[in-house]
Amino acid sequence: MCGIFGISGHAEAATLTHLGLYSLQHRGQESAGIVSADVGGQAHGIRAMGLVGEKFGPEVLEKLKGSTAIGHTRYSTAGSSTIENAQPALVNFKGGHIALAHNGNLTNATEIRETLESVGSIFSSTMDSEVLVHRLARSTAAGPEAQMAEALQGVEGAYSLLVLINDTLLAARDPNGWRPLVMGKLGDAVVFASETCALDIVGATLVREVLPGEIVAVDRDGVRSLQLTPAATLHRCVFEHVYFARPDSQVFGGSVDRARRALGRRLAVEHPAPGADFVFAVPDSSNAAALGYAEQAKLPLEHALIRNHYVGRTFIQPTQAGRDAKVKVKFNPVREILQGKSVVMVDDSIVRGTTTRGLVALVRAAGAREVHMRVSSPPITGPCWYGIDTPDKDQLIAAKLPLDKIADAIGVDSLGYISLDGMLGSVPDGPNGFCHACFSGQYPTLPPSVANKMRLGGRA
Ligand code: AMP
């Protein structure tokens, strides 16, 4: 998964992109990058492994001249976690330069890559997104948005894109709208971002979503919009609302905080916990859902788990060993709250079960008498092919075990997941138009033909 940010028409383009990326750090912590373009059409780029705040000091930003810039935060869902795969990609071609930042996964990237390689293209990374750079460079269409339209022909799967072709900034979203992308305004400058929290940090106001199937071009001639394809069936990723996006953002036109609270309320209706003393969240992604649960159940909400904020998202560590060790580094229970109590522990999802099992053990060791686990998404039974880093089926606890066995495996007294209908009915603009393949097995596309090939050296 990734975060993307772009701005056109601002003297401080790179600095504002850097700021915007701070707000999108939760979408990817492995690498980050910024490319700027100046009026002469010169491009300047920087990419680094690690966090936005660590790698891009003022001396770096100063070199990123120009009034147009795009940025990217990444964790690998296609291609390994290496500097070659960091984005934005930046290449020179016959018409100048192309920079590209991509959020999502292309499901037919392998086929496109093979076709390109068969006519001599050489790739410098293992990521799916690089095929788009080649397609753009080879396009003979007249003008940046036509080039983009041509490059995207026959491309399947999920993409929210920000592209620089010389000093034209292009934004595009796949026809199914899998990943979010919004457009904002900052004075005369036009801003794009994965989530509205990145507009907030630079002081931009939300104008609208980039529409599914739309290409927006911004340059000194103004803002132009091109509808690439007629509106298709929407497959907006429901997991953005459940877990991925920040609660202070709007995605797909709806508030993430409101979505999570509604999920929590619905969860409490579907799976009450009679006799429980209080509710607590696995911070931070479940805070709003736990609040909703507590409101509905009329139970107090306690802060029984404290999260160390200097540790990144557990899951984002590529190896299993890293993940195990990190549970304790990341969370510590408050004994004074938990001692002797029957508690409702709310989390947004159970993936492998590793974190949950570790957390339940911590909570019990801190004296909890009963642990009732409530989950604000249904059991995850399949991988995501569209840009969320869910592992393969054989690592998903809910794909391997029935409910009662999951409860045993994670060590809880009771376990309740929200239903699929309950989840879809709780998110803004639901229940239709959302992708729920990882929960339901209803994948809207054919599988990527060689599912693991694009995950070369990929995640454990
Ligand atoms: P697990 O131990 O694999 O069951 O991890 C569950 C935890 O991972 C939950 O607390 C979720 O908030 C979090 N989580 C779920 N999906 C992802 C993801 N794709 N990337 C990072 N963290 C995730």
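Q: What makes up the shell around the ligand, by class?
A: In this predicted model, the shell has 7 nonpolar, 6 polar and 4 charged residues. Gly counts as polar here and Tyr as nonpolar. Tyr243 and Gly353 are among the closest residues.

Q: Which helices supply at least two residues each of that shell?
A: Helix H8 (238-244) and helix H13 (354-365) do. H13 gives the most, with 3 residues.

Q: What makes the approach of Asp347 to the ligand a polar contact?
A: The cut-off is 3.5 Å between N or O atoms. An N or O atom in the Asp347 side chain is 2.7 Å from a ligand oxygen, so the pair qualifies. Asp348 also brings a polar side-chain atom, 2.9 Å from a ligand oxygen. Gly353 uses a backbone N or O atom, at 2.7 Å from an oxygen of the ligand. The protein buries 95% of the 500 Å² that the ligand exposes when taken alone.

Q: Why is strand S12 (residues 214-219) called largely enclosed?
A: Buried means under 20% relative accessible area. 6 of the 6 residues of S12 are buried, so the rest of the structure largely encloses this strand. Glu214, Val216 and Val218 point one way, while Ile215, Ala217 and Asp219 point the other. In a regular strand, side chains alternate between the two faces of the sheet.

Q: How do you know that S12 pairs with S8 and with S13?
A: Pairing needs at least two bridges. Strand S8 (residues 168-173) and S12 share 4, antiparallel, with Leu170 opposite Ala217. S12 and strand S13 (residues 222-227) share 6, also antiparallel, with Asp219 opposite Gly222. Both pairs therefore qualify. A hairpin of 2 residues joins S12 to S13.

Conventions
Residues numbered from 1 in each chain as written. Predicted model: local features only at pLDDT ≥ 70, side-chain atom pairs only at ≥ 80, totals over all residues. Heavy atoms only, no water. Buried < 20%, exposed > 50% of the residue type's maximum accessible area, 1.4 Å probe, protein only. Near = heavy atom within 4 Å. Polar contact = N/O pair within 3.5 Å; in protein donor to acceptor, adjacent residues only side chain to side chain. Areas by Shrake-Rupley, 256 points an atom, 1.4 Å probe, with all protein chains shown as cover.
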